[in-house]
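I opened this notebook to keep track of what I looked up, one topic at a time. The entries follow the order in which I went through the model.

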Amino acid sequence: MTEDPSQADLLYGVAAIGAFLGMPKRTAAHRIQQGELPTFRLGGKKGGTICARRTTLRAHLAKLEREAQGGEA
């Protein structure tokens, strides 16, 4: 059985991260550059592709939401 790439946990590239979050690629790139989104690079610090995991992004957003509502981090 082959896994559906649209359901894979790994998001490969800024465009995929932005699409998952419902924001334009430029906005996603800016948020990543500012350190506001948990990402990592495959293939090296400077030349690698920026990636993120859906599960990590969901957890990060849930944490931000709890904090915004005055809950514990």
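**Entry 1, strand pairing.** Before looking at the sheet I noted the rule that two strands pair if DSSP finds at least two bridges between them. The model is a predicted one, and in it strand 1, residues 10-12, pairs with strand 3 in the antiparallel sense over three bridges. Strand 2, residues 40-42, also pairs with strand 3 in the antiparallel sense, again over three bridges. I then looked up who stands opposite whom, and found Leu10 opposite Arg53 of strand 3, while Leu42 has Thr49 of strand 3 opposite it. In the hairpin formed by strand 2 and strand 3, six residues lie between the strands, and Gly43 takes a positive phi near 100°.

**Entry 2, overall layout.** I stepped back to list the elements, and counted three helices and three strands in the protein, which run β-α-α-β-β-α from the N terminus on. The protein has 73 residues, of which 21% are buried. About 5,400 Å² of the protein is exposed, with 52% of that supplied by carbon and sulfur atoms. Among contacts between residues at least 6 apart in sequence, I found that 46% join residues at least 24 apart.

**Entry 3, the core.** Which residues make up the largest nonpolar core? I listed nine of them, namely Leu11, Val14, Ile17, Ala28, Ile32, Leu37, Ile50, Ala52 and Leu57. At least two residues of this core come from each of helix 1 (14-21), helix 2 (25-33) and strand 3 (49-53). I kept a general remark beside this list: in soluble globular proteins, nonpolar side chains tend to be buried together. I followed one core member further, and leaving aside residues up to four places away in sequence, Leu57 touches Leu11, Ile17, Phe20, Leu37, Pro38 and Ala52.

**Entry 4, a nonpolar patch outside.** On the surface I found a nonpolar patch formed by Leu10, Tyr12, Phe40 and Leu42, which together have about 360 Å² of accessible area. Strand 1 and strand 2 are the elements that give two or more residues to the patch. Is Phe40, one of the patch residues, buried or exposed? I had to settle for the answer in between, because its relative accessible area of 34% lies above the 20% limit for buried and below the 50% limit for exposed, so Phe40 counts as partly exposed. Phe40 lies in strand 2.

**Entry 5, salt bridges.** How many salt bridges does the count come to? I arrived at three.

In one of them, Asp9 and Arg53 have their closest N and O atoms 3.4 Å apart. This pair links distant parts of the chain, with Asp9 in the segment before strand 1 and Arg53 in strand 3, 44 residues apart. Asp9 is partly exposed at a relative accessible area of 25%, and Arg53 is partly exposed at 37%.

In another, the side chains of Glu36 and Arg31 meet at 2.8 Å, N to O. Glu36 is partly exposed at 35% relative accessible area, and Arg31 is partly exposed at 34%.

I also noted the salt bridge of Glu67 with Lys63, whose closest N and O atoms are 3.7 Å apart. Both residues, Glu67 and Lys63, lie in helix 3 (residues 54-68), four residues apart, which is about one turn of the helix. Glu67 is partly exposed at 35% relative accessibility, and Lys63 is partly exposed at 37%.

Methods. Residues are numbered from 1 along each chain as its sequence is written. This is a predicted model: local features need pLDDT of at least 70, side-chain atom pairs count only at pLDDT 80 or more; totals for chains, interfaces and linings use all residues. Side-chain values use heavy atoms; hydrogens and water are left out. A nonpolar core is a set of buried Ala, Val, Leu, Ile, Met, Phe, Trp, Tyr and Cys residues joined through side-chain atoms within 4.5 Å. Buried means under 20% relative accessible area, exposed over 50%, partly exposed in between (1.4 Å probe, protein chains only). Contact means heavy atoms within 4.5 Å. Patches are made of residues with over 30% relative accessible area and no salt bridge: like charges are joined within 9 Å, nonpolar side chains (Val, Leu, Ile, Met, Phe, Trp, Tyr) within 5 Å. Accessible areas come from the Shrake-Rupley method with a 1.4 Å probe; for residues, only the protein chains shown count as cover.
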